[in-house]
Structures are given as structure tokens and as C-alpha cells.
Amino acid sequence: MAYIDQIIMFCAGMWMTAAGLGYVKVNTQVPWVVKITRHFRWMGPLLIALSIILLFEPR
């Protein structure tokens with residue numbers, strides 16, 4: 001249970017990456033959602049990298 005934050009960050013990063021690359025469909029009727037979804041292409045992998053780095057941080 002000590003690593004629940006990293007698990008949540010990793011899963012959110014996977015979802016963001018999938019949404020940014022078009023594997024998960026989002027509502028394309030709203031213009032601001034389309035803008036944010038484009039940023040998920042780089043924000044998702046960044047979140048995954050941060051979760052892995054924090055996994056190895058000494059406690």
C-alpha cells in the first residue's frame with residue numbers, strides 16, 4: 001500500500017498517453033477538450049517517467 005501514489009500516477013499516465021495518441025476516444029465536439037488532448041501526447045509519458053523515478057526514491 002506504500003506505493004499507491006505511484007500506481008495511480010502510472011495508470012493516469014497510461015490513460016493520458018492512450019488518449020493523446022488516439023487509442024481512447026474523447027469528446028471531440030468540445031474545442032478545448034481537443035486542445036488538451038493534444039498535450040496528453042507528451043504529458044502522459046512524462047507522468048509515467050515521474051512515477052518510475054519516484055518508485056526508486058529512498059524513503
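The legends below accompany close-up views of a predicted model.

**View 1. Overall form of the predicted two-helix protein.** The protein contains two helices and zero strands. Its C-alpha atoms occupy a box of roughly 45 × 20 × 15 Å along the principal axes. The radius of gyration is 13 Å, whereas a compact globule of 59 residues would have a value near 10 Å. Of the 59 residues, 22% count as buried. The accessible surface amounts to about 4700 Å², and 73% of this area belongs to carbon and sulfur atoms. Where contacts link residues at least 6 apart in sequence, 66% of them join residues at least 24 apart.

**View 2. Helix H1 and its buried residues.** Helix H1 comprises 18 residues and spans 26 Å from its first C-alpha to its last, close to the 26 Å expected at 1.5 Å a residue. The buried residues of H1 are Gln6, Gly13, Met16, Thr17, Ala18, Ala19 and Gly20. Helix H2 is included in what covers these buried residues of H1. Just after H1, glycine 22 adopts a positive phi of about 95 degrees.

**View 3. Glutamine 6 on helix H1 and its contacts.** Glutamine 6 lies in helix H1. Glutamine 6 counts as buried because its relative accessibility is 9%, below the 20% cut-off. When residues up to four places away in sequence are not counted, glutamine 6 touches Ser51, Leu54, Leu55 and Arg59. Two of these partners, serine 51 and leucine 54, belong to helix H2.

**View 4. Serine 51 on helix H2 facing residues of H1.** Serine 51 is located in helix H2. With a relative accessible area of 2%, serine 51 is buried. Beyond its neighbours within four places in sequence, serine 51 is in contact with Gln6, Met9 and Phe10. Of these partners, glutamine 6 is a residue of helix H1, as is phenylalanine 10.

**View 5. Leucine 54 on helix H2 and its surroundings.** Leucine 54 is placed in helix H2. Leucine 54 is classed as partly exposed because its relative accessibility is 32%, between the 20% and 50% cut-offs. Apart from neighbours within four places in sequence, leucine 54 contacts Gln6, Met9 and Arg59. Leucine 54 and tyrosine 3 are separated by 51 residues in sequence, yet their C-alpha atoms are 9.3 Å apart in space.

**View 6. A nonpolar surface patch with residues from both helices.** Tyr3, Ile4, Ile7, Ile8, Phe10, Met14, Ile52, Leu55 and Phe56 form a nonpolar surface patch of about 870 Å². Helix H1 (4-21) and helix H2 (31-55) are the elements that each give two or more residues to this patch. The largest share, five residues, is supplied by H1. An α-helix has 3.6 residues a turn, so residues three or four places apart point the same way.

**View 7. Phenylalanine 10 within the nonpolar patch.** Phenylalanine 10 is a residue of helix H1 and one of the members of the nonpolar patch. Phenylalanine 10 has a relative accessible area of 34% and is therefore partly exposed. A patch member must have over 30% relative accessible area, and the 34% of phenylalanine 10 meets that condition. Phenylalanine 10 is also among the contacts of serine 51, a buried residue of helix H2.

Terms used
Residues are numbered from 1 along each chain as its sequence is written. This is a predicted model: local features need pLDDT of at least 70, side-chain atom pairs count only at pLDDT 80 or more; totals for chains, interfaces and linings use all residues. Side-chain values use heavy atoms; hydrogens and water are left out. Patches are made of residues with over 30% relative accessible area and no salt bridge: like charges are joined within 9 Å, nonpolar side chains (Val, Leu, Ile, Met, Phe, Trp, Tyr) within 5 Å. Accessible areas come from the Shrake-Rupley method with a 1.4 Å probe; for residues, only the protein chains shown count as cover. A salt bridge is a side-chain nitrogen of Lys or Arg within 4 Å of a carboxyl oxygen of Asp or Glu. Helices (H or I, at least four residues) and strands (E, at least two) are DSSP runs, numbered from the N terminus. Buried means under 20% relative accessible area, exposed over 50%, partly exposed in between (1.4 Å probe, protein chains only). The radius of gyration is taken over C-alpha atoms; the globule rule is 2.2 Å times the number of residues to the power 0.38. Contact means heavy atoms within 4.5 Å. The expected span of a helix is 1.5 Å times one less than its number of residues.
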